[in-house]
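Student: Hi! I have a structure open and would like to talk it through with you.
Tutor: Happy to, let's put it on screen.

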Amino acid sequence: MPKIPKATAKRLPLYYRYLRSFADMGTKRISSRELSDAVKVDSATIRRDFSHFGTLGKRGYGYDVEKLTDFFNKQLYREALTTVGLIGVGHLGNALIHYNFKKSNSVRIGAGFDVNEELIGTVQNGVPIYSIDDLVDTLQDMAIKIVILTVPEQNVQDVVDRLKDTDVEGILNFTPARLEVPEEMFVQNVDLANELQTLIYYIGVKHQSEQDTD
């Protein structure tokens, strides 16, 4: 995949999801404006995002939906099933285990890790749960390169330090902590509290603007 801006990379799964929906409906071609109306991203941004990959469409014709769907399928490495590890099987971790990643994203959770003795050795929705003490060996044995972190914030860096002895290359971090990782390891932070606070802020600004115009 060519080197592209992070913001563009985050929009690629969104484009793929809607393109696949159009393909399922039998749509043969689509313009950037039509795709914009569907994904709620302005058409200029879509054209700029697509330009990072060369010429994907034709002026006056738009984009071939089937070809573009296949293209992004390859760019997102969706042709092979990706197995990830889940570290922390509490409330959020358990919810993720029961979310069907495989159905829409070619991803499955292959192993869970926790300190709770009542969980260790059990199978939750098809996912075996291991002791956190078996983290390194199990990740290596299963050749897992991506993990999801849903552990308490005070424990997260200790877990990350253990990952340095594995072949893990990517972390999806659901904790508020900002992790210290090797340069070659990618981290995607998902701060639910921060996202909710941002949403509250936007709603507050909207209401304030409405009051100012009254």
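**Charges, contacts and a helix**

Tutor: Glu 184 lies in the loop between β8 (170-173) and β9 (186-189); helices (H or I, at least four residues) and strands (E, at least two) are DSSP runs, numbered from the N terminus. This is a predicted model, where local features need pLDDT of at least 70, side-chain atom pairs count only at pLDDT 80 or more, and totals for chains, interfaces and linings use all residues. Residues are numbered from 1 along each chain as its sequence is written, and side-chain values use heavy atoms, with hydrogens and water left out.

Student: Is Glu 184 buried or exposed?
Tutor: Glu 184 counts as exposed because its relative accessibility is 60%. Buried means under 20% relative accessible area, exposed over 50%, and partly exposed in between (1.4 Å probe, protein chains only).

Student: Which residues gather with Glu 184 in a patch of negative charge?
Tutor: Asp 167, Glu 169 and Glu 183 join Glu 184 in that surface patch. Patches are made of residues with over 30% relative accessible area and no salt bridge, with like charges joined within 9 Å and nonpolar side chains (Val, Leu, Ile, Met, Phe, Trp, Tyr) within 5 Å. A salt bridge is a side-chain nitrogen of Lys or Arg within 4 Å of a carboxyl oxygen of Asp or Glu.

Student: And what makes the nonpolar surface patch?
Tutor: Leu 196, Leu 199, Ile 200 and Ile 203 make it, with an area of about 370 Å². Ile 200 is in helix α9 (residues 192-213), and at 47% relative accessibility Ile 200 counts as partly exposed.

Student: Switching topic: where is Thr 166 found?
Tutor: Look in the loop between α8 (156-163) and β8. Thr 166 is buried, as its relative accessible area is 10%.

Student: What does the side chain of Thr 166 reach?
Tutor: The backbone oxygen of Leu 163, at 2.7 Å. A polar atom of the Thr 166 side chain also lies 3.1 Å from the backbone nitrogen of Val 168. A polar contact is a pair of N or O atoms within 3.5 Å; within protein, one must be able to donate a hydrogen and the other to accept it, and residues adjacent in sequence count only if both atoms are side-chain atoms.

Student: What about Val 160 in helix α8?
Tutor: Val 160 is buried, with a relative accessible area of 0%. From Val 160 to Gln 211 there are 51 residues in sequence and 47 Å in space, C-alpha to C-alpha.

Key
Areas by Shrake-Rupley, 256 points an atom, 1.4 Å probe, with all protein chains shown as cover. Lys, Arg positive; Asp, Glu negative; His and termini not counted. Charge placed at Lys NZ, Arg CZ, Asp CG, Glu CD.
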